[in-house]
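Let's take a friendly walk through this model, one feature at a time. Keep the structure open beside you as you read.

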Amino acid sequence: MRFPVGAAICGVLILLMATGCSGKEENPPVILEEQQVISAQEFSPPALLATLSQQEEPVEIPAAAWGIEGTLTELSETTATCAVPMPVGSKLPVLTLDPPADRTEVEIFAGDQSLWQGTLEELEAGEWQPPAGSTVELVVEAYWQQSEEETMQASYLLAVELEAPLEEQNTPEPESVEPQPVEHSVSQADPPQQQEQEDAQQKEEPSAQPVTLSSDSIQAGRMVVIRYEGVPEEYPTIETNLGFTPVFFEDEGGLTAYLPVNNGSEPGEYQIIVRWSDGQVELPLTVTDGGFEVEIITMDQEVADSTINSSSANAEFETVTRPLKNQSDDEQYWSGPFVMPVAMDPVRTSSSFGYTRLINGVADRHNGVDFPVAKGTPVTAPNNGRVLYAGYLQLTGNTVCIEHGFGLKSWYYHMDSLSCSTGDFLETGDPIGAVGSTGYSTGPHLHFALSVNNVYIDPFQLMNQDLS
Ligand SMILES: [Zn+2]
């Protein structure tokens, strides 16, 4: 969290906390955490009005929500923060002060990077447009000239969340997804020019080789299915330069292996080498940018200190989850696209997969998606699988991990209660638990993640596409 330089001498120092993971309600919930009033001369900084482009009426962020109370010294400085969730496709809110300030200075940040400087008027004129799917921080300094000697100043700090990239918002209703026939040699996600390249490559190499990839071009943070036709006595081995060694499992007259591409992988050309008893093939794989951005989240320091900043909480999580990540069942329980683990219409996320989140200034990669739904909302199995773990962890609260076969796993954090046990076999729709806010969380939401062993992938890949 960044405060204007002058905050150290200010009359009022106010910290407000937005419910980071769940802050998508129309009236952003804010909690006054700390307040100190030092002096006593009358000055009430005005409320800042934010007009959201997809809403007809301006949304007033009242003085109380900004945490401004009491009175200030003659050179007044306040620091107030508030998170405003923005619908997809929104422009930045138009910010209005009433009475208007004599002078304003606005600076927009993404993390520590300053993106733009100007005034409220210039912002309103559209001189800066936010990049899609980003979270930015606006620092507004406003000055009112009271007299020749007296200047009143108020500082506002506004975190604007522009929600998730469009592709993640467009998740179809699970029921409407037609299961695709099992066909791994043609990627459903490839743009046409990549498909042409693949066709050309296949023309150059007419000799039939038994290995196919579900796609020869993949975004970082997604997985590729490697298929070997036939079941030889000795299984082929796979080598990659992606920091992961896929393993084949028998499946429908052939062998199947999953290759997850870490969300931190640099875009570029990589190789997959498959070796069998009397042959081998080297397949190129193009990794493209995952489009991951930076989000800024403020949370209660006490919650952070007892979870993400706690070495014992992290050690417990590692001790429990590391052995789970190394396991792979040799049966593929899952089939068809994954469905939503919570009922939501439309599907929304309050935090996206793969984004770097600056939480109270500490960077953390988000390895799942957050669905902002009410406490108590039933959580159900998005596909068939075996419960590897169901229990309480200091870091992630009530936690469940399900093995779906061949090393593919789903993860559920922060639940209020659990309704499955370690060892249970679950079918799609069977109860897992209820949404809560336990562990590293500041508001009710479901953290949902998919991984292939220890590498997390974007859950929306397997919700939008049938790779089974
Ligand atoms: Zn999360």
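## A three-stranded sheet

Strand β29 (residues 431–434) pairs with β23 in the antiparallel sense, and three bridges hold the pairing. One pair to look up on screen is T380, whose bridge partner in β29 is P431. Please keep in mind throughout that this is a predicted model.

Where does this pairing sit? It belongs to an open sheet of three strands, ordered β23-β29-β27, with antiparallel pairing. The edges are taken by β23 (378–380) and β27 (417–418); each has a single partner strand, so one side of each is left without a neighbour in the sheet.

## A four-stranded sheet

Another open sheet is built from four strands in the order β12-β18-β17-β14, and here the pairing is mixed. At its edges stand β12 (217–219) and β14 (237–240), each with a single partner strand, so each has one side without a neighbour in the sheet. From one strand to the next, the twist averages 30 degrees.

Inside this sheet, β17 (residues 268–276) and β18 run antiparallel and are joined by nine bridges. To find the pairing on screen, try W276, whose bridge partner in β18 is G279.

## E282 on strand β18

Strand β18 spans residues 279–288 and includes E282. Is E282 buried or exposed? It counts as exposed, because it has 11 C-beta neighbours inside 10 Å, and the cut-off for exposed is 12 or fewer.

Leaving aside residues up to four places away in sequence, E282 touches Q271 and I273. A longer reach along the chain is also worth a look: E282 and V211 are 71 residues apart in sequence, and their C-alpha atoms are separated by 9.6 Å.

## The nonpolar cores

Nonpolar side chains tend to be buried together in soluble globular proteins. In this model, the largest nonpolar core has 61 residues, and the members touching the most others are I226, L259, V379, V400, Y412 and L446. Both domain 2 (174–288) and domain 3 (300–464) supply at least three residues to this core. Another core lies apart from it, with nine residues, including A101, V106, L138 and A142.

V400 is a good residue to centre your view on. Which residues does V400 touch, not counting those up to four places away in sequence? They are V387, Y389, A390, Y412, L418, C420, I432 and G433.

## Backbone details in the loops

Two residues that are not glycine have a positive phi. E252 has a value of about 50 degrees and lies in the loop between β15 (249–251) and β16 (254–260). N453 likewise has a positive phi of about 50 degrees, and its loop runs between β30 (446–452) and β31 (455–457).

Their surroundings are worth comparing. E252 is exposed, because 10 other C-beta atoms lie within 10 Å. N453, in turn, counts as buried, because it has 20 C-beta neighbours inside 10 Å, and buried requires 20 or more.

One last stop is a cis peptide bond, from D345 to P346, with omega near 0 degrees. You will find P346 in the loop between α5 (311–326) and β20 (356–359).

Methods. Residues numbered from 1 in each chain as written. Predicted model: local features only at pLDDT ≥ 70, side-chain atom pairs only at ≥ 80, totals over all residues. Core = buried A, V, L, I, M, F, W, Y, C linked by C-beta atoms within 7 Å. Domains from an automatic or database assignment. Contact = placed C-beta atoms within 7 Å. Pairing = 2+ DSSP bridges. Axes fitted to C-alpha atoms, helices over the stretch in contact; angles between N-to-C directions.
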